[in-house]
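User: I would like to understand how the terms used for a protein model are justified by its values. Could you take me through this one step by step?

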Amino acid sequence: MIEWFMWVQVGVAVAAGLLCLALGFAGRVPNDLALGALALVELLLLAQLIVAIAAPASGNHATGSVLEFYTYLVGALLLPPAAAFWALIERNRWSTVVLGVAALAVAVMVYRMFQIWTVQQA
Amino acid sequence: MTDVRNARPDSDRGRRMSGIGRVLVTVYGVLALAAVGRSLVQIVERFHEAPLAFSLSALAAAVYVVATVALIRSGRGWYGVAWATIVFEFTGVIVVGTLSFVFPELFPEATVWSWFGFGYLFIPLVLPLLGMWWLALHRPARGEADAA
């Protein structure tokens, strides 16, 4: 895992999450901006997947559980599409809040993935 | 999951699973995902280290999944299931949370409920309360058939 990329990813996910929450609480239905932000989060997760697969070849190995790392990564990858599907069944302000919750959850999961990759706890 | 249910906006599901209720289900779904993932990793990699804590993790994960489904489905049957699973979760977080303080040696490894859900931003403690509040506000209509 590449540290600066992780921080970019967490930053984008937090920004997307807060944006969607703000739009939702302002009463907006999911628009291109909200869905686009979530799509960007998903795109970065796919990039992270490629990085995670490629990194060990250049000596950047996970120090923690690889299984746990990929459990988080796969879970995070599922979240934005699932949230978008769930949100678009009924389009109202709360759909936009749902997108925000998913993006914030991804941010937490990506940070946790970084901990698993680099920091070893007891 | 199909879109059919929203074709009946006057049904129980239309009322219970609408608006902010969808946000509640989203948080439940995320917690269920987190609990299942963590439990899977614990059991595959280190079950022998803390069988009690890890079995409890697996049970908790299963109950979160059932609770998420029960919140989405309509009918009196699922309404009861939703109550049962949410009360179970709340009991779990209170009992295990207390035990993890009083007898920490029982839980050498964290469960989703240890320290009242501290590792999950206390979401496991708060969510059942919101869930019960939501269910109390959205009783199924009288005479509504059980959804299979």
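Analyst: Helices (H or I, at least four residues) and strands (E, at least two) are DSSP runs, numbered from the N terminus. By that rule chain A has 4 helices and 0 strands, and its elements run α-α-α-α from the N terminus on. This is a predicted model, in which local features need pLDDT of at least 70 and side-chain atom pairs count only at pLDDT 80 or more, while totals for chains, interfaces and linings use all residues. Residues are numbered from 1 along each chain as its sequence is written, and side-chain values use heavy atoms, with hydrogens and water left out.

User: How do you know that the span of helix H4 of chain A agrees with its number of residues?

Analyst: The expected span of a helix is 1.5 Å times one less than its number of residues. For the 26 residues of H4(A), residues 93-118, this gives 38 Å, and because the end C-alpha atoms are 39 Å apart, the two values agree.

User: What makes A:Ser95 buried?

Analyst: Buried means under 20% relative accessible area, exposed over 50%, and partly exposed in between (1.4 Å probe, protein chains only). A:Ser95, which is placed in helix H4 of chain A, has a relative accessible area of 1%, and therefore it is called buried. Of the 26 residues of H4(A), 19 are buried, so this helix is largely enclosed by the rest of the structure.

User: Why is the pairing of the A:Ser95 side chain with the backbone nitrogen of A:Asn92 called a polar contact?

Analyst: A polar contact is a pair of N or O atoms within 3.5 Å; within protein, one must be able to donate a hydrogen and the other to accept it, and residues adjacent in sequence count only if both atoms are side-chain atoms. The side chain of A:Ser95 reaches the backbone nitrogen of A:Asn92 at 2.8 Å, and at the start of H4(A) a side-chain oxygen of A:Asn92 reaches to within 2.9 Å of the backbone nitrogen of A:Trp94.

User: What makes a set of residues a nonpolar core, and which element supplies the largest share here?

Analyst: A nonpolar core is a set of buried Ala, Val, Leu, Ile, Met, Phe, Trp, Tyr and Cys residues joined through side-chain atoms within 4.5 Å. The largest one has 74 residues, and those with the most contacts inside it include A:Leu99 and B:Tyr64. Its largest share, 15 residues, comes from H4(A).

Definitions and conventions
Chains are lettered from A and ligands numbered from 1 in the order in which they are written.
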